[in-house]
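Let's walk through this model together, beginning with one residue and working outward to the whole chain. Keep the structure open as you read.

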Amino acid sequence: MSSQDIPEENLPAEQEAAHVAVSIADEKDPFADPGLPPHEHRIQDIDERAARRSERMVALLFTVSMLATVGFIAAYVGIPRDKSIFVFPIGHLSALNFTLGLTLGVALFCIGAGAVHWARTLMSDVEIADERHPIEAEPEVRAKVHADFKQGAKESAIGRRKLIRNTMFGALTLVPLSGVILLRDLGPLPGTSLRHTLWSKGKLLVNMNTNQPLRPSDVQVGSLTFAKPEGLEDTDEEFQTEIAKAALMIVRLQPDNIKDKRELEWSHEGIVAYSKICTHVGCPISLYEQQTHHVLCPCHQSTFDLSDGARVIFGPAGHALPQLRIGVNDEGYLQALGDFEEPVGPAFWERG
Ligand code: FES
């Protein structure tokens, strides 16, 4: 409901005056300051029942926020860290993280929504104009502040009491260290964990799409297959951490096309397995050019030649993709013959 819908007799006197002032300004001087537009009264300003409805809505939002906060605390205490749930369409998630995020989100959203609704419907709705004025203080005010500061410094005897002054500076210098120390809570240092992956001798190569161990016959010339180590399930708590290091790209080349001697020795019937993690800043590589045997990182276009030890032929990546040595076990499945011999992913990890 706008002020146009409100009966004339309900309009306050100042609104009628504003209408008149604007129309007079238009007639006498079309360039005159038109002033503020006529004030629009809200339904809550003229209907007490509407105001009560708004009040109840704001209270309801704040109450939902309180319940969501209680839910957040209950979830934190009651949900095991390793429990996972399926949420359509996202997939499997940590039940604890999902519930904490959801309840905290609802709690914050309801506080914000309640405050906005309160301000828009019930708080004072009067237009206020404030003239701009210089931010800089008058010369007299600045002189007074300067004099007060000098007077304060003199009275505090900070120049004479050197012991106090020095210890105060020491205290002020050290106190930010508390914040630096808290950075330790970001977690333990990675140590050598970035140098090792889940791959070890005898681990089967499992197709990431079908979740089935791979046989050489599953890998055709021209196809790009992604693999993970046997035993790593996407519901595992450490799945993201481990797959970020262990993800593999598997390609079958004609053995005659493999230029690098070590690559040929580490392959099986032309099947080569390389880390899928780009050595620039760690994006997953996903584009394969069958004709040239090049793989391309979509993030910054680093390009690696899989027929030549996955060396970098273009882009910002610092070094070749690490290769995993593979073979087949007695049952004919592709298996790793050890871990990567160098750290996977961005080059700076090696220097850490
Ligand atoms: S992360 Fe691959 S090129 Fe930058």
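Val64 counts as partly exposed because it has 17 C-beta neighbours inside 10 Å; by the rule used here, a residue is buried if 20 or more other C-beta atoms lie within 10 Å of its own, exposed if 12 or fewer, and partly exposed in between, with C-beta atoms placed from the backbone. A word on ground rules: this is a predicted model, where local features need pLDDT of at least 70 and side-chain atom pairs count only at pLDDT 80 or more, while totals for chains, interfaces and linings use all residues. Numbering starts from 1 along each chain as its sequence is written.

Back to Val64, which sits in helix H3 (residues 48-78). Helices here are DSSP runs of H or I with at least four residues, strands are runs of E with at least two, and both are numbered from the N terminus. Setting aside its neighbours within four places in sequence, Val64 is in contact with Val106 and Cys110, where contact means that the C-beta atoms, placed from the backbone, lie within 7 Å. Now look across to Val180: it is 116 residues from Val64 along the chain, and the two C-alpha atoms are separated by 36 Å.

Zoom out, and the protein chain shows ten helices and 13 strands. Its C-alpha trace spans about 95 × 70 × 55 Å along the principal axes. The radius of gyration is 35 Å, whereas a compact globule of 352 residues would have one near 20 Å; the value is taken over C-alpha atoms, and the globule rule is 2.2 Å times the number of residues to the power 0.38. Buried residues make up 19% of the 352. Of the contacts with a separation of 6 or more, 55% are between residues 24 or more positions apart.

Now for the strands, starting with a hairpin. S1 (residues 84-87) and S2 (residues 91-94) pair in the antiparallel sense over four bridges; two strands count as paired if DSSP finds at least two bridges between them. Three residues make the hairpin connection from S1 to S2, and Val87 has Gly91 in S2 as its bridge partner. Pro89 is in the loop between these strands, and the peptide bond leading into it from Phe88 is cis, with omega near 0 degrees. Why point that out? Most residues other than glycine have a negative phi, and most peptide bonds are trans.

Further along, five strands form an open antiparallel sheet in the order S3-S4-S5-S6-S11. Its edges are S3 (205-207) and S11 (323-324), each pairing on one side only. Inside the sheet, S5 (residues 248-252) and S6 (residues 271-275) share five antiparallel bridges, and Ile250 stands opposite Ala273 in S6. The loop between S3 and S4 (224-229) holds Asn211, a non-glycine residue with a positive phi, near 65 degrees. Asn211 is exposed, because 10 other C-beta atoms lie within 10 Å.

A second open antiparallel sheet has four strands, in the order S7-S8-S9-S10. Here the edge strands are S7 (287-289) and S10 (311-314), and each pairs on one side only. S8 (residues 294-296) and S9 (residues 303-305) pair in the antiparallel sense over three bridges, with Leu296 bridging to Thr303. In the loop between S8 and S9 you'll find Gln301, another non-glycine residue with a positive phi, near 65 degrees. Gln301 is partly exposed, since 13 other C-beta atoms lie within 10 Å.

What about the core? The largest nonpolar core has 37 residues, and those touching the most other members are Leu205, Leu248, Ile250, Ala273, Tyr274, Leu306 and Ile326. S3, helix H8 (239-246), S5, S6 and S13 (334-336) each supply at least two residues of this core. A nonpolar core, by definition, is a set of buried Ala, Val, Leu, Ile, Met, Phe, Trp, Tyr and Cys residues joined through C-beta atoms within 7 Å. In soluble globular proteins, nonpolar side chains tend to be buried together. Leu306 touches Val251, Leu253, Val272, Tyr274, His293 and Val295, not counting residues up to four places away in sequence.

Finally, a record to set beside the model: an unreviewed UniProt entry lists residues 240-335 as "domain: Rieske". UniProt positions follow the numbering used here, feature names are shortened, and annotations may be inferred rather than shown by experiment. In the model, residues 240-335 are 12% helix and 31% strand, and the end C-alpha atoms lie 22 Å apart.

How values were computed. Contact = placed C-beta atoms within 7 Å.
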